[in-house]
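Let's take a friendly walk through this structure, one group of contacts at a time. Keep the viewer open as you read.

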Amino acid sequence: MAATELRGVVGPGPAAIAAPGGGGTGPPVVGGGGGGRGDSGPGSGAALGTVAAAAAGGPGSGAGGVAAAGPAPAPPAGGSGAGGSGSAREGWLFKWTNYIKGYQRRWFVLSNGLLSYYRSKAEMRHTCRGTINLATANITVEDSCNFIISNGGAQTYHLKASSEVERQRWVTALELAKAKAVKMLAESDESGDEESVSQTDKTELQNTLRTLSSKVEDLSTCNDLIAKHGTALQRSLSELESLRLPAESNEKIKQVNERATLFRITSNAMINACRDFLMLAQTHSKKWQKSLQYERDQRIRLEETLEQLAKQHNHLERAFRGATVLPANTPGSTGSGKDQCCSGKGDMSDEDDENEFFDAPEIITMPENLGHKRTGSNISGASSDISLDEQYKHQLEETKKEKRTRIPYKPNYSLNLWSIMKNCIGKELSKIPMPVNFNEPLSMLQRLTEDLEYHELLDRAAKCENSLEQLCYVAAFTVSSYSTTVFRTSKPFNPLLGETFELDRLEENGYRSLCEQVSHHPPAAAHHAESKNGWTLRQEIKITSKFRGKYLSIMPLGSIHCIFHATGHHYTWKKVTTTVHNIIVGKLWIDQSGEIDIVNHKTGDKCNLKFVPYSYFSRDVARKVTGEVTDPSGKVHFALLGTWDEKMDCFKVQPVIGENGGDARQRGHEAEESRVMLWKRNPLPKNAENMYYFSELALTLNAWESGTAPTDSRLRPDQRLMENGRWDEANAEKQRLEEKQRLSRKKREAEAMKATEDGTPYDPYKALWFERKKDPVTKELTHIYRGGYWECKEKQDWTSCPDIF
């Protein structure tokens with residue numbers, strides 16, 4: 001999501017997507033992948049295996065021993081044989097990739113016990129395709145020219161030399177390097193690798209051991225004193241026993257003597273245990289220190305590797321843009337620059353990669369401060385000096401019914417990805433300050449409203465008399481909400497608390513919609529849409545997201561409700577998980593995976609939809625969705641089949657008599673006759689690739705409209721500046737708005753704390769247009785529309801709206 005602006009590449013098609021970090025299957029003799037990303041097929045990013053292995057802390061399917069030793073050094077260009085800069089050997093070998101490409105010529109470098117390979121000698125400066133650690137590898141000779149290097153299944157390189165002599169030279173060099181690596185590893189385990197320990201850590205360790213030794217010496221001194229006094233005590237007790245004392249006294253003296261003996265034995269055991277502890281600490285402290293230092297080095301190497309990859313990608317992007325993108329037309333020029341853009345091809349990192357070429361950017365002048373002016377509003381920073389063109393405003397009001405079909409083209413801004421991403425791993429995305437370079441000029445509330453793009457499916461469902469047929473249309477509507485995400489890899493703006501978005505299409509399409517951000521941590525948005533065609537849609541969606549290094553998982557929580565007025569049928573369902581792949585490097589692509597159960601709470605009918613996750617090795621069509629519509633008894637009446645980015649079909653299932661007299665499913669050719677297309681995706685607008693891949697509906701969502709609430713997303717200044725291509729100003733304005741929101745939150749927390757101390761009741765934050773209460777159907781606590789928004793809009797009474805912009 002965030003890496004779109006870095007590379008200028010957005011959402012590949014199915015052919016450009018490869019299994020992340022995968023490798024070739026190898027020849028039929030031995031299974032196992034071929035390691036590097038360069039031989040795995042199109043789509044995955046450059047050196048993706050390197051990042052994966054580094055994150056895993058050891059050799060992986062894509063990078064071998066990079067994690068243990070960092071990126072392989074780049075020896076100077078030279079011929080085959082021993083090279084400079086510490087490389088034991090380098091030269092050309094043929095490496096097996098897959099059954100389609102067979103053996104491919106690759107440049108191999110043997111250095112410091114690591115065997116790395118590249119596409120060419122020139123590639124050594126920026127991209128390593130794979131590395132294998134020889135310390136744990138097995139070297140096997142197949143025939144006169146072929147040999148195999150494997151580390152036990154995770155990585156297997158099938159290599160072929162140009163001649164038997166060349167093969168023998170490589171095998172000899174590899175065996176020597178392996179022996180040296182094994183010896184160094186053994187010495188490192190025995191010695192604790194003292195050289196890797198910093199001087200400060202050594203001093204600290206020595207001081208600790210010295211203190212322990214001193215304490216043990218003190219204990220030894222105490223032990224000697226105990227032994228000395230114990231012996232004297234026993235001698236005195238023995239003398240007492242020799243005296244003529246009553247029998248009862250002798251018995252007591254004997255007990256005291258036994259206890260003194262046990263005390264001395266116990267103290268000796270304690271001292272011996274302390275000595276054993278000190279000896280154990282001295283023996284293993286170096287290994288413990290080495291393990292700690294190894295983990296530190298791993299973290300540093302991972303950071304350096306990611307930073308290097310980000311810089312390389314940034315450099316390649318700039319070079320690529322400089323060679324392919326033409327400058328924008330001047331205001332006085334005639335003709336469209338986009339018609340003159342060159343369409344050549346280049347090879348950035350992989351011969352199979354798809355390259356994207358951008359049209360010359362067009363400058364579209366748009367009004368920027370189109371907000372509803374309120375007394376006391378605090379619009380400052382970049383947007384404070386922008387005045388509204390009254391003539392343009394009048395023109396907009398005259399053409400309000402005409403929906404806009406274009407927005408300013410997305411500018412090509414580069415960004416140092418590493419400066420943002422290195423602090424993001426493992427954190428929740430909503431809590432990370434992101435520049436607008438990663439965004440699209442729409443808020444999450446507007447993205448939520450996009451679920452209504454195919455509202456006509458609900459219109460048709462409202463007319464169905466059969467509840468099972470109605471459920472089919474509801475299922476198609478559920479799938480259609482994902483169709484806009486296939487190319488939309490930029491993230492929407494996180495709404496401010498109290499931000500709203502309305503969409504009034506009552507005259508054109510018969511529905512109107514309202515969204516409000518009802519919570520900030522965790523982020524939650526409430527949505528209510530009603531149609532005069534007989535249905536109501538409401539939902540509260542909480543977004544939880546985790547950045548995992550290579551991919552981003554987005555998990556929407558909350559139920560979606562659809563109620564049909566005529567029949568009273570009440571349907572509920574939840575959304576599936578969205579995954580954005582190739583966050584660090586490679587082409588971003590989005591996948592939807594999981595299951596959705598749509599339940600009719602009035603009749604008990606159900607529909608189970610399965611979103612099949614993408615697999616490089618699957619023969620099924622990409623983005624496949626299957627489903628079954630069943631009655632309360634579990635009997636299947638309709639089967640659904642399609643993809644979440646194209647269309648959904650419905651098949652009526654008729655039971656037929658099976659071979660044993662029981663019911664069986666309808667045969668395939670008979671079911672084909674009952675096929676009905678429920679939904680098909682609308683084509684994208686012209687030049688959508690230059691407008692964030694917005695659909696026709698999305699292009700209209702941020703268009704200015706008069707009379708909206710002052711909290712409406714259309715009036716958000718940073719979002720408006722970004723849409724108009726003024727990203728630097730948008731970033732400054734975004735920081736101002738977020739700081740203002742933080743101050744408001746601190747003020748509420750201070751008021752709550754003061755109320756708690758005083759014992760006075762304090763009302764926490766409450767949404768303006770939605771009320772939090774238990775849902776009567778799902779029994780969940782959710783925000784339900786309380787009414788009043790459209791009445792306030794009609795009166796233009798916005799006095800209750802907070803000042804958030």
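A good place to begin is a charge over a ring: the charged end of arginine 623 sits over the ring of tryptophan 644, 5.8 Å from its centre. The criterion here asks for NZ of Lys or CZ of Arg within 6 Å of the ring centre and within 35 degrees of the ring normal. Lysine 575 offers another case, its charged end sitting over the ring of tyrosine 482 at 5.4 Å from the ring centre.

A word on what you are looking at: this is a predicted model, in which local features need pLDDT of at least 70 and side-chain atom pairs count only at pLDDT 80 or more, while totals for chains, interfaces and linings use all residues. Residues are numbered from 1 along each chain as its sequence is written, and side-chain values use heavy atoms, with hydrogens and water left out.

Now for the overall picture. The secondary structure of the protein chain comes to 16 helices and 27 strands; these are DSSP runs numbered from the N terminus, with helices being H or I of at least four residues and strands E of at least two. Of the 805 residues, 49% count as buried, where buried means under 20% relative accessible area, exposed over 50%, and partly exposed in between (1.4 Å probe, protein chains only). Among contacts with a separation of 6 or more, residues 24 or more positions apart account for 62%, a contact being heavy atoms within 4.5 Å.

Which rings come together in the aromatic cluster? Trp769, Tyr789, Trp790 and Trp798 form one cluster. Rings of Phe, Tyr and Trp (its six-membered ring) pair if their centres lie within 6.5 Å; planes under 30 degrees apart count as stacked, over 60 as edge-to-face and the rest as tilted. By this rule the count comes to 16 aromatic pairs. In one of them, tryptophan 769 and tryptophan 798 meet edge-to-face, at 6.4 Å centre to centre with 90 degrees between the planes. This pair links distant parts of the chain, 29 residues apart: tryptophan 769 is in the loop between α15 (727-758) and β26 (770-774), and tryptophan 798 is in the segment after α16 (789-795). Tryptophan 769 and tryptophan 798 are both buried. The rings of tyrosine 789 and tryptophan 790 have centres 5.1 Å apart and planes at 90 degrees, so they also make an edge-to-face pair. Tyrosine 789 and tryptophan 790 are buried too.

Next, the salt bridges (a side-chain nitrogen of Lys or Arg within 4 Å of a carboxyl oxygen of Asp or Glu). The structure holds 32 of them. In one, arginine 538 joins aspartate 775, with the closest N and O atoms 2.8 Å apart. Arginine 538 lies in strand β13 (residues 535-547) and aspartate 775 in the loop between β26 and β27 (781-785), so the bridge ties together parts that are 237 residues apart in sequence. Arginine 538 is buried at 11% relative accessible area, and aspartate 775 is buried at 0%.

Helix α15 holds another example: glutamate 749 and arginine 745 meet in a salt bridge (3.3 Å, N to O). The two lie four residues apart, about one turn of the helix. Glutamate 749 counts as partly exposed because its relative accessibility is 44%, and arginine 745, at 29%, is partly exposed as well. Elsewhere, Glu440, Arg447, Glu450 and Arg488 are linked in a network of salt bridges.
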